[in-house]
Amino acid sequence: MSCHKKAYITTPIYYVNDIAHIGHAYTTIIADTLAKYSRMIGLDTFFLTGTDEHGQKIEHSAQARGKSPQEYADEISASFKNLWDEFGISYDKFIRTTDEEHKIGVQKAFLKMQERGDVYKDVYKGNYCIACETFFPKSQLINEEFCPECGRATTLVEEESYFFRLSKYQEKLLAWYQEHPECILPKSKKNEVIRFVEGGLEDLSITRTSFDWGVKLPKELNDPKHVMYVWLDALMNYLTALGYGTDEKNIDFWPARVHLIGKDILRFHAIYWPAFLMSLDLPLPKHIAAHGWWTRNGEKMSKSKGNVVNPKEVADAYGLDNFRYFMLREVPFGGDGDFSQKALIDRINSDLGNDLGNLLNRLIGMSTKYFEGRIECARVSDFYQAELAEVDESIAKLEPYLFEMQLHRYLEELWRPLSVANKAIDRYQPWALMKEGKEEEVMALNGLIATILAKVAIMLSPIMPKTAPKIASALGFEINHASWSSLIVSKEPLSSFVIAPIPPLFPRIEEELLAHHEPDSATPQNKQESAAEKNSQSAPEPEDQIALIGIDQFFQSSLKVGTIVSAEEVPKSAKLLLLQVDIGEESPRQVVAGIKEWYSAASLIGTQVCVVANLKPAKLMGMKSEGMLLAAKDSGGLSLIRPEAPKTNGTKIG
Ligand SMILES: [Zn+2]
């Protein structure tokens, strides 16, 4: 921590195509934890979050809702800001890419890159994914057609474009990864990035002419039909938020100590962003830290399943601090996490209630009973030196875990002192000591427990910013830089005080508090998880959002007539049927469909259906499914879509 007295901490700017879900809350809460910790230990801290508002996808979403892109962006951006305010997120700036200063900064950066000889104009021919706002070379497409990131069909585009000489930075990037082992966290992700870069970097198209909703090119270039590529625009927020190109009063915060991101946007942050920075002749961030996805009860979250975790609902039901603790404790950073109410309740009742809350209650009980609440810590080390040493050893390990994003280990280690305290009570049996007249030892034992609770409260405060101060207040002190310095750094004893009884901090939770969203998983559409839903963690598609597509995109789905030649029930499944469908190919396609509720296996044999024939194969209950049946479902149940009159198997639909 000592090398750079400033700590610049960022979340990604969130794309305004949907409201916040647990993934956004997770990133933001980690960043908030780091920012709160940095401030507590006296670092000059700048915490940035905000919204990413440009691009064709936003233009389309706004259009579909009959709004202007700006109106639409204003609404969603405000919903993020309001949620963070409600959650007490301690950001220093909330940036929007539609801010005027941001646009100016991006334009200045563009000119600078051009001056450096890193920008040139050419014609781009390639496959473009609207959802990802990205061009992909043919070699990266799935079946020469589908987006390697989200699985959606790409569109062939030929347009004039400015390019950034990304290829020029390949070796420099590889050297950076090599020389800075912790530039990308977790390290497993770094290896993926290195493999990608070693595979060869092509120059990057950084402007578009196919839509308007973006930052215009600098006037100097006199080329008004181009707007900036959204990723150039978006990544630049980390600099423009500090005033890059305008009022540079906060620019000293650069370079970032950590950019927190979800793993879906690692490539942009770990390859494009450092290359842009090299071109701008600026230092590179210290860490780019990519976290994993959240599932719910083991299932992917998506709007269509109705199982997206709404962070506000969870915080309202279980308490914001408890939710923060759960998210950071439950998952090793970088790995995928699962949200279930059961796991959350277990954490609250066990870690928080039993280990922490009860310890405070025991201390209140013992000190009230034996000493009218008075607690003195001066003689703790006379009797309990070993325990103190063990506690300080754990506390000393914490900070590196935090800044290496090992928050689950941070919390795991922070719980050791609590276990030292609980064990000390069981071992020394203060009630027996009192009978033997060893009052001093009991007072020192209470002092030990108070000291441990005080240290834990301080180190827990960035994660549980409402609860930790309550513990501190019961122990007669406040959590701030001064108490951190004296209790954690200098290991001074806690001053004597009279304990203030407080209501239990973590009342036991006996049952799940949120209504269950029953996954509506019966329709074949949901069973055959669309590749698009892979992205659902970072951006679940609102159901009412109907993106406009061109006819060419429609024809990228291959729909065919087929005949069900065999149908059987899937053992142990209430919903699935295993079908073989002849669609005019050499052998029938195997399709697993969630239609058992509405059709018996026998009734389907010999009937014709409509099949989506070019979906990526999926596995359902261990069985391969190589297509999807078209069906319509309303309150009256589900019906398969069939040709009105028999058609030859394999006939194209469209
Ligand atoms: Zn895509």
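Helices, labelled H, and strands, labelled E, are runs assigned by DSSP and numbered from the N terminus, a helix having at least four residues and a strand at least two. With these labels one can place Lys491, which lies in the loop between helix H20 (481-489) and strand E16 (497-498) of this predicted model. The phi of Lys491 is near 55 degrees, a positive value in a residue other than glycine. Lys491 has 15 C-beta neighbours inside 10 Å and therefore counts as partly exposed.

A second loop residue can be read in a similar way. Asn297 sits in the loop between strand E13 (294-296) and helix H10 (311-318), and its phi, near 45 degrees, is again positive although Asn297 is not a glycine. Because 15 C-beta neighbours are found inside 10 Å of Asn297, this residue too counts as partly exposed. Such backbone values deserve a look, since most residues other than glycine have a negative phi, and most peptide bonds are trans.

The peptide bonds before two prolines come next. The bond from Leu185 to Pro186 is cis, with omega near -10 degrees, and Pro186 belongs to the loop between strand E7 (184-185) and helix H6 (187-198). Trp254 and Pro255 are likewise joined by a cis peptide bond, for which omega is about 5 degrees, and Pro255 is placed in the loop between helix H8 (237-240) and strand E11 (258-262).

Turning to the strands, E4 (residues 119-129) pairs with E6 (residues 155-164) in the antiparallel sense over ten bridges, and within this pairing Lys121 of E4 stands opposite Tyr162 in E6. Strand E4 is also joined to E5 (residues 134-136) by three bridges, and these two strands run antiparallel, with Cys129 standing opposite Thr134 in E5. E4 and E5 form a hairpin with four residues between them, and in its turn Glu133 has a positive phi of about 55 degrees.

Finally, two helices can be followed where they meet. The axes of H12 (residues 341-371) and H18 (residues 439-460) come within 10 Å and cross at roughly 150 degrees; angles over 145 degrees count as roughly antiparallel, and H12 and H18 are therefore roughly antiparallel to each other. Their crossing is left-handed. On the H12 side the contact is made by Leu359, Leu360, Leu363, Met366, Ser367, Tyr370 and Phe371, and on the H18 side by Val442, Met443, Asn446, Ile449, Ala450 and Leu453. Sorted by class, this contact of H12 with H18 has eleven nonpolar residues, two polar ones and no charged ones.

Notes: Residues numbered from 1 in each chain as written. Predicted model: local features only at pLDDT ≥ 70, side-chain atom pairs only at ≥ 80, totals over all residues. Axes fitted to C-alpha atoms, helices over the stretch in contact; angles between N-to-C directions. Parallel < 35°, antiparallel > 145°, perpendicular 65-115°, else oblique. Left-handed = near helix turned anticlockwise from the far one by under 90°. Contact = placed C-beta atoms within 7 Å. Nonpolar A, V, L, I, M, F, W, Y, C, P; charged D, E, K, R; others polar. Pairing = 2+ DSSP bridges. Buried ≥ 20, exposed ≤ 12 C-beta atoms within 10 Å, placed from the backbone.
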